Amino acid sequence: LVATRRRVGMAEGGEGRQLLVLVQNLQKKSGLGGELVRQYVPDIMLAQEISSSTESEEVFQAQFTSRAGYGTAIHCARGVEDVRRVKSPHAEVAVFVKKKTTIALCDGVWCVSFHGYNGSLAWRTIQPLVDHVQAALEEVPRAGPAVFAGDFNTWSGEHLAAVSRVLSEHGFEHALSWEYPGRDHPLDHAFLRSARLLRSETIESAADHRGALMTIQVDTSH
């Protein structure tokens, strides 16, 4: 299965280096994150809906989870620095949970593991999701290589267009979207800054979401 993809321009003169990045909503499946790290050996993994009580903190060095242990996390093969945590400005309808974003510097690349505001079937307005993306962006430095990826809960093309505009204002370009089975619109996306997508594939696991395995080239001229 090959994900929808397009190239992201890299600054002139940047020779760059390659990193393998895995993005996956784990659907709270016990131990699935560590299993995928062992299977694919990524340089970076951005995980959403992690069940942190079933995962190793040595593997997922940066986490932002609820008391129940669910949220987002980042694995970096060379370790993480400057971990930042952001809650959505808006609570989910009925359950009053604010989705959590994990941000960290991984091997010179700012990484954002994002699980976007969802809403309900009758209340999937765009602005709360845009506000959530903006809140995360406020914690990401404006310059340097970065990956902003995860389950955005973009239930329409208008949702994706709106978050793409906000991210573009911070130098990010939409690099990749991949299918959620049975849905007309992809929910999962990757945005890159000062990097370009070389190749990608989608993966299947015990989770309901498919994951994306991306090889990116990072601009090291900054």
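A polar contact is a pair of N or O atoms within 3.5 Å; inside a protein, one atom must be able to donate a hydrogen and the other to accept it. Keep that idea handy, as it will help with Gln 24 below. The structure above is a predicted model, and its protein chain has 3 helices and 13 strands. The radius of gyration is 16 Å, close to the 17 Å that the globule rule gives for 222 residues, so the chain is as compact as a globular protein of that length.

**The chain as a whole**

- Along its principal axes, the C-alpha trace spans about 50 × 35 × 35 Å.
- Buried residues make up 55% of the 222 residues in the chain.
- Among contacts with a separation of 6 or more, 61% join residues that are 24 or more positions apart.
- The chain exposes about 9,900 Å², and carbon and sulfur atoms supply 46% of that area.

**Gln 24, a buried polar side chain**

- You can find Gln 24 in strand β2, which covers residues 17-25.
- Gln 24 counts as buried because its relative accessible area is 0%, and the cut-off for buried is under 20%.
- A polar atom of the Gln 24 side chain lies 3.2 Å from the backbone nitrogen of Gly 211. That distance is within the 3.5 Å limit given at the start.
- Leaving aside residues up to four places away in sequence, Gln 24 touches several others, including Leu 36, Met 45, Ile 203, His 209 and Gly 211.

**Helix α1 and its cover**

- Which residues of α1 are buried? They are Leu 32, Gly 33, Gly 34, Leu 36 and Val 37.
- An α-helix has 3.6 residues a turn, so residues three or four places apart point the same way.
- The cover over the buried residues of α1 includes β2, β3 (44-51), β5 (70-76) and β12 (195-203).
- Just after α1 comes Val 41, which takes a positive phi of about 50°.

**A cluster of aromatic rings**

- How many aromatic pairs does a search of the whole structure find? The search finds 5.
- One of these pairs is Phe 148 with Phe 152, whose ring centres are 5.8 Å apart. Their planes meet at 35°, and the pair is described as tilted.
- Phe 148 and Phe 152 are both buried.
- Phe 148 also pairs with Phe 172, this time edge-to-face, at 5.9 Å centre to centre and with 80° between the planes.
- This second pair links distant parts of the chain, 24 residues apart: Phe 148 is in strand β9 (residues 146-151), while Phe 172 is in the loop between α3 (157-168) and β10 (173-178).
- Why does Phe 148 count as buried? Phe 148 counts as buried because its relative accessibility is 0%.
- Phe 172 is buried too, because its relative accessibility is 3%.
- Ring pairs join Phe 114, Phe 148, Phe 152, Phe 172 and Phe 191 into a cluster.

**Lysines over rings**

- The charged end of Lys 28 sits over the ring of Tyr 70, 4.7 Å from the ring centre.
- Lys 100 lies over the face of Phe 64, at 5.9 Å from the centre of that ring.

**Positive phi angles to look for**

- Most residues other than glycine have a negative phi. Val 41, described above with helix α1, has a positive value, and here are two further examples.
- Lys 28 has a phi near 65°. Lys 28 belongs to the loop between β2 and α1 (32-40), and its relative accessibility of 40% makes it partly exposed.
- Asp 82 has a positive phi of about 50° although it is not a glycine. Asp 82 is in strand β6 (residues 80-87) and is partly exposed, with a relative accessible area of 41%.

**A spot at helix α3**

- Ser 168 is part of helix α3.
- Is Ser 168 buried, partly exposed or exposed? Ser 168 is partly exposed, because its relative accessible area is 43%, which falls between the 20% and 50% cut-offs.
- Ser 168 and Leu 192 are 24 residues apart along the chain, and their C-alpha atoms are separated by 9.7 Å.

Key: Residues numbered from 1 in each chain as written. Predicted model: local features only at pLDDT ≥ 70, side-chain atom pairs only at ≥ 80, totals over all residues. Heavy atoms only, no water. Phe/Tyr/Trp six-rings, centres within 6.5 Å; stacked < 30°, edge-to-face > 60°. Buried < 20%, exposed > 50% of the residue type's maximum accessible area, 1.4 Å probe, protein only. Helix = DSSP H or I, 4+ residues; strand = E, 2+ residues; numbered from the N terminus. Lys NZ or Arg CZ within 6 Å of the ring centre and 35° of its normal. Rg over C-alpha atoms; globule rule 2.2 N^0.38 Å. Contact = heavy atoms within 4.5 Å. Areas by Shrake-Rupley, 256 points an atom, 1.4 Å probe, with all protein chains shown as cover.
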